[in-house]
Amino acid sequence: MPDNELYDLVIVGGGPGGLSAAIYAMRAALKTVLVERGAPGGQINLSDEVENYPGFTRISGAELAMKFAEHAADYGLEQVTDDVSAVEPGLDFHTVRLAGGRQIQTHAVILATGGSPRRLGVPGENTLHGKGVSYCAVCDGFFFKDKNVVVVGGGDSACEEGLYLAKLAKKVHIVHRRDALRASMILQKRVEDDCNMEVLWNSVLTEIQADETGVNNVRLKDTQTGEERDMPIDGVFIFIGFEPNNELVPAGVKLNSEGFAVTNEKCATSIDGIYAIGDLREKYARQIVLSCADGCMASLSAAHYIENRKAKAKEEVCEI
Ligand code: NAP
């Protein structure tokens with residue numbers, strides 16, 4: 001990819017949204033490059049099983065990611081493995097700078113950078129990350145075979161990951177700050193039915209402690225009585241939602257109070273030619289199928305935008 005070559009579209013991020021955007025962009029014959037710093041698929045690579053992507057009753061996240069990537073590659077998609085260091089909006093074209101030094105000029109950019117696990121912010125969390133504190137059951141669950149773990153959170157992630165851990169661990173204690181789970185009913189029912197799982201209602205984790213071998217205790221507080229207690233434990237898994245990866249969103253793009261990019265229904269941000277999709281975008285629900293839908297919408301919309309720009313530029317040349 002020579003420097004200064006003008007692209008129609010740069011997609012930043014190769015998760016489900018980015019790869020879906022790439023499929024639609026290639027089908028619309030847009031000159032497209034997708035930049036991803038890691039393995040294609042993003043967060044779904046960390047999911048043990050996906051059960052709600054239509055067409056697949058049950059499929060591992062990694063396999064679904066591979067299928068998305070193969071589908072996009074089948075259209076001859078150009079892919080670059082690098083970190084994007086900046087997205088700079090311009091009047092004639094936008095510039096995407098890569099950490100490796102390249103800069104790509106483009107009519108449109110789709111930001112599909114997703115999110116990262118939210119931190120609890122309690123003492124011990126950062127220092128013990130990797131020593132008994134984890135944000136990924138599929139990655140680290142094996143180390144807790146026949147051990148006792150707590151899972152913090154009450155959403156789909158906490159329940160899904162907790163259910164995965166319950167197949168390995170001796171006991172999974174879900175620590176939830178309220179008296180009702182937020183997760184979908186099907187997951188709630190599975191948690192309820194799993195004799196290896198117990199929900200500690202109205203409880204928050206206030207501190208994680210360790211000995212020389214790693215995590216060995218958590219401090220819990222009852223949110224109703226204020227009572228505190230110690231609970232000996234081998235591992236702590238935290239699933240309390242996601243923060244948007246919005247570092248590359250250029251100044252001028254409107255973010256909501258939680259940092260998610262505000263877009264219209266076509267996934268267009270407040271800067272012409274810059275789109276935000278998937279978990280980066282403000283929306284009601286976060287699902288793989290919705291990220292894919294966003295990718296479709298953004299690429300179709302970008303294709304229309306680029307076509308108009310090119311037509312306008314042609315008219316201007318003819319007038320001269
Ligand atoms: P989420 O739905 O936002 O749930 C976060 C959970 O953590 C909530 O129960 C929340 O409690 C709790 N929480 C938040 N901050 C906390 C804090 N500081 N201390 C203690 N608890 C805290 O997040 P998620 O489960 O990661 O899911 C994110 C999105 O992905 C959702 O839209 C979800 O539906 C989707 N998702 C879907 C699937 C699936 O369909 N299979 C799987 C995974 C994720 P409250 O309930 O009291 O707010």
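Tutor: Two strands pair if DSSP finds at least two bridges between them, and strands here are DSSP runs (E, at least two residues), just as helices are runs of H or I with at least four residues, all numbered from the N terminus. What you see is a predicted model, where local features need pLDDT of at least 70, side-chain atom pairs count only at pLDDT 80 or more, and totals for chains, interfaces and linings use all residues. Residues are numbered from 1 along each chain as its sequence is written, and side-chain values use heavy atoms, with hydrogens and water left out.

Student: Okay, how many helices and strands does the protein have?

Tutor: Picture a C-alpha trace that spans about 80 × 35 × 35 Å along its principal axes. Of the 320 residues, 48% count as buried, meaning under 20% relative accessible area with a 1.4 Å probe and protein chains only. The secondary structure comes to six helices and 17 strands.

Student: Let's pick one strand. How many residues of strand 6 are buried?

Tutor: Strand 6 covers residues 103-111 and is mostly covered. Gln105 lies in this strand, and with a relative accessible area of 13% Gln105 is buried. Of the nine residues in strand 6, the buried ones number eight.

Student: Which residue of strand 6 is the bridge partner of Val10?

Tutor: Look at strand 1, residues 6-12. It pairs with strand 6 in the parallel sense over six bridges. In strand 6, the partner of Val10 is Val109.

Student: And strand 5, which residue in the turn between it and strand 6 has a positive phi?

Tutor: Strand 5 (residues 94-98) pairs with strand 6 in the antiparallel sense over four bridges, and one bridge joins Arg97 to Gln103. The two strands form a hairpin with four residues between them. In that turn, a positive phi of about 110° belongs to Gly101.

Student: Which residue in strand 17 is the bridge partner of Leu111?

Tutor: Strand 17 takes in residues 274-276. It runs parallel to strand 6, with three bridges. Over in strand 17, Leu111 has as its partner Ala276.

Student: There's an open sheet of five strands too. Which strands stand at its edges?

Tutor: The strands come in the order 8-15-9-10-11, with parallel pairing. Two of them, residues 133-134 and 197-200, each have a single partner strand, so one side of each is left without a neighbour in the sheet; these are strand 8 and strand 11.

Student: Which residue in strand 10 stands opposite Val149?

Tutor: Start with strand 9 (residues 148-152) and strand 10 (residues 171-175). Five bridges join these two, which run parallel. Opposite Val149, in strand 10, stands Val172.

Student: Now the ligand! Which helix gives the most to the shell around it?

Tutor: The ligand is surrounded by 18 residues, each with a heavy atom within 4 Å of it. The closest are Asn52, Asp156, Glu160, Arg178 and Arg182. The top contribution, three residues, comes from residues 156-166, which is helix 4.

Student: How much of the ligand's accessible area does the protein cover?

Tutor: Some polar side-chain atoms sit within reach of a polar contact, a pair of N or O atoms within 3.5 Å: Asn52 has one 2.6 Å from a ligand oxygen, Arg177 has an N or O atom 3.0 Å from a ligand oxygen, and Gln287 has a polar one at 3.0 Å from a ligand oxygen. On its own the ligand has 900 Å² of accessible area, by the Shrake-Rupley method with a 1.4 Å probe. The share that the protein covers is 78%.

Methods: A polar contact is a pair of N or O atoms within 3.5 Å; within protein, one must be able to donate a hydrogen and the other to accept it, and residues adjacent in sequence count only if both atoms are side-chain atoms. Buried means under 20% relative accessible area, exposed over 50%, partly exposed in between (1.4 Å probe, protein chains only).
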